[in-house]
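This report walks through some local features of one protein model for a reader who has not met it before. Please keep the structure in view while reading.

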Amino acid sequence: MLRQILRSTGPCVLIFAASPAAQTQPESQAPPKAMATIGKRELLRHATFLSCDDLQGRRTGSPGQAAAAEYIKNHFTKLGLEPLGDEVHGDANGSQLRSFLQLYPIQRTLLKASELRFGATKLKHGYAVLGARERNLDTRAKLQFVGLGRTQGARSDLAEAERLEGKIAVVLIKPPKGEIPAGLGIEQTSGMCFTVLRRIGRTARILGQRGAEAILFVQTEDKIGLSEELNYLALSPGKAMVTANFPDADPGLGNRMSKPGPGSVPTMVLSVAASKAVLRELAVKPGQVAEYFAGDRRMCAAKSDVDASLRLEIVHEGDARASNVVALLRGSDPELREQAIVYSAHMDHVGMRMDGEVFNGADDNASGAAGLLAIASAYAKERPRRSIIFLSVSGEELGLWGSQFYVDHATWPLDKIVANINTDGLGRSGCEAGPDEITVTPSYRHGNYSTVVRDAVGFARQLGVTFTSGDKYYTRSDHYHFAKKGIPVVFFCSGEHEDYHQVSDTVDKLDGAKMERMARLAFWTGWHVASTDTLP
């Protein structure tokens with residue numbers, strides 16, 4: 001994706017220098033002492049835990065996301081912060097007590113049990129189920145290879161009256177023609193995937209009408225990232241489909257799941273590795289498939305006596321919950337402590353791929369969540385005049401659900417929240433931000449540019465950091481719901497990179513020194529708001 005950023009012939013120009021408003025910087029000030037305690041060692045320790053395989057990608061509402069919330073809650077507890085989540089019960093004096101957790105309602109659809117067997121092979125991973133109506137299927141059948149599943153024309157893969165009762169149809173996914181250019185953006189690859197999925201849907205309906213017990217779509221290669229796209233569109237073992245269940249929630253990615261038609265046949269897409277295992281069982285050779293795709297062969301020879309079984313138990317949970325974690329450090333000024341600055345960062349990521357590989361989300365957003373925890377550690381050592389709220393949200397990846405629910409059910413008066421500082425993706429460099437750069441929104445070009453951002457320019461300069469415009473992300477992370485309420489916001493992130501939403505976003509690639517600079521910048525920016533007489 002292209003970005004518009006002013007550069008000189010040398011290093012990156014501070015883009016805010018072009019704005020007269022940006023030149024009204026407050027006088028340079030010494031950093032707060034506690035800022036120096038924010039270090040890469042603590043940041044990487046938090047990020048390592050949050051992005052570990054055991055948390056299975058921290059999918060919203062999953063056990064892994066709950067484990068991340070527990071880790072964050074325990075950190076806040078050790079720092080002596082006050083819980084500011086849900087009211088839980090009253091004490092002996094009738095006072096309301098709070099939890100660190102703020103729960104919000106979601107709906108989940110998941111594979112309670114699933115297993116695919118064919119020949120001597122048993123798969124527990126490696127497939128995604130399209131369409132997610134509740135069902136409990138346990139069937140035994142023969143595999144039948146049907147090429148591309150064509151039923152009409154001179155190149156039909158099935159005879160005109162051929163039926164598929166007692167058969168699990170195996171259908172090839174034909175790769176796009178030609179070479180796939182390197183470096184395509186997510187929008188481009190998603191468009192290509194949806195073209196493939198529309199073709200899959202049409203083929204599945206036709207083969208279902210022919211009586212197939214189930215349909216397995218197999219792929220010999222995956223250059224367009226279909227397996228990644230199905231992460232948002234389908235069920236797979238350990239991967240629930242999730243939608244928000246509260247008024248006016250943004251459906252976001254939670255509403256992209258493919259919808260089954262009436263009486264639809266169980267339809268699955270297999271990973272490349274699982275697909276190759278099926279084709280081996282059927283004795284379909286790669287060379288034959290290549291000739292078939294090229295039109296040099298009408299149909300690949302395949303065995304017709306391979307036994308298979310498929311078990312799918314799909315259940316729907318209408319009353320599930322996901323969680324935010326909310327903690328409070330009360331300010332030192334008896335009057336100003338009634339006002340608060342909110343630091344926010346999302347803890348969730350996108351779960352596991354259908355082959356069992358974990359989307360660790362080290363940069364997105366274990367790095368930003370680690371920044372939130374390290375910033376909390378620093379504030380616990382030096383209390384500012386105004387209060388500080390530390391808000392770790394979930395549901396960001398699926399539709400900014402946690403932050404939306406928080407501002408709609410705020411545990412601190414919204415009219416007393418004076419600023420929000422949001423962090424996401426602090427640990428990598430890429431085409432949008434180098435090692436000493438960070439993207440920021442709202443920039444001075446944006447209608448909601450504020451003194452919070454303006455002042456951050458000066459603090460960044462003292463830390464050796466320059467800004468690039470991140471205005472294209474203004475509506476894409478959790479600060480947006482605070483901005484919609486009229487609260488001044490600033491969003492710090494490093495933009496997208498080659499590992500964005502890929503299983504390759506791992507902790508070994510994080511730049512601890514950059515995380516340290518960016519977390520210190522966020523701390524200093526919030527400290528200034530929390531300590532001055534005037535409001536932003």
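## Helix α9 and its surroundings

Ser403 is buried, with a relative accessible area of 0%. The model is a predicted one, and this serine is a convenient place to start. Ser403 belongs to helix α9, which runs over residues 401-408. That helix is mostly covered, since 7 of its 8 residues are buried. Besides Ser403, the buried residues of α9 are Trp401, Gly402, Gln404, Phe405, Tyr406 and Val407. The C-alpha atom of Ser403 is 9.4 Å from that of Ala345, and the two residues are 58 apart along the chain.

Leu400 lies in the loop between α8 (396-399) and α9. Leu400 is not a glycine, yet its phi is positive, at about 60°. With a relative accessible area of 7%, Leu400 counts as buried because the cut-off for that class is under 20%.

## Aromatic contacts

How many aromatic pairs does the structure hold? The number is 16. One of the pairs is formed by Tyr104 and Phe246, in an edge-to-face arrangement with 6.0 Å centre to centre and 85° between the planes. This pair links distant parts of the chain: Tyr104 is in strand β4 (residues 101-118), Phe246 is in the loop between β10 (241-244) and β11 (267-270), and their positions lie 142 residues apart in the numbering. Tyr104 and Phe246 are both buried.

Phe246 also forms an edge-to-face pair with Phe405, at 5.2 Å centre to centre and 70° between the planes. Here too distant parts of the chain are linked, with Phe246 in the loop between β10 and β11 and Phe405 in helix α9, 159 residues apart. Both Phe246 and Phe405 are buried. Phe405 thus brings the account back to α9, where it is among the buried residues.

There is also an aromatic cluster, made up of Phe76, Tyr343, Tyr379, Phe390, Phe523 and Trp527.

## Charged residues

A search of the whole structure finds 23 salt bridges. The table gives three of them.

| Residues | N to O distance |
|---|---|
| Arg163 and Glu165 | 2.7 Å |
| Asp455 and Arg454 | 3.0 Å |
| Arg476 and Glu496 | 2.7 Å |

Are the partners in these bridges buried or partly exposed? Arg163 is partly exposed, at 43% relative accessibility, and Glu165 is partly exposed as well, at 44%. Asp455 and Arg454 are both buried. In the bridge between Arg476 and Glu496, Arg476 is partly exposed at 34% relative accessibility, whereas Glu496 is buried, with a relative accessible area of 11%.

The side chains of Arg476 and Glu496 meet in a salt bridge. The pair links distant parts of the chain: Arg476 is in the loop between β17 (466-469) and α11 (479-484), while Glu496 is in the loop between β18 (489-493) and α12 (512-531), 20 residues apart. Elsewhere, Arg428, Glu498, Asp499 and Lys509 are joined into one network by salt bridges that share partners.

On the surface, Arg198, Arg199, Arg202 and Arg205 gather in a patch of positive charge. One of these, Arg202, sits in helix α3 (residues 186-209). Arg202 is partly exposed, with a relative accessible area of 45%. Membership of such a patch requires over 30% relative accessible area, so the value for Arg202 meets that cut-off.

## Backbone features

Most residues other than glycine have a negative phi, and most peptide bonds are trans. Some places in the model depart from this pattern, and Leu400, with its positive phi of about 60°, is one of them.

Arg58 is another non-glycine residue with a positive phi, here about 55°. Arg58 is placed in the loop between α1 (40-50) and α2 (63-78) and is buried, at 1% relative accessibility.

Two cis peptide bonds can be described as well. A cis bond joins Asp364 and Asn365, with omega about 0°, and Asn365 is in helix α7 (residues 362-379). Another cis bond joins Thr441 and Pro442, again with omega about 0°. Pro442 lies in the loop between β16 (437-441) and α10 (451-462).

Key
Residues numbered from 1 in each chain as written. Predicted model: local features only at pLDDT ≥ 70, side-chain atom pairs only at ≥ 80, totals over all residues. Heavy atoms only, no water. Buried < 20%, exposed > 50% of the residue type's maximum accessible area, 1.4 Å probe, protein only. Helix = DSSP H or I, 4+ residues; strand = E, 2+ residues; numbered from the N terminus. Patch = residues over 30% accessible without salt bridge, like charges linked within 9 Å, V, L, I, M, F, W, Y side chains within 5 Å. Areas by Shrake-Rupley, 256 points an atom, 1.4 Å probe, with all protein chains shown as cover. Salt bridge = Lys/Arg side-chain N within 4 Å of Asp/Glu carboxyl O. Lys, Arg positive; Asp, Glu negative; His and termini not counted. Charge placed at Lys NZ, Arg CZ, Asp CG, Glu CD. Phe/Tyr/Trp six-rings, centres within 6.5 Å; stacked < 30°, edge-to-face > 60°.
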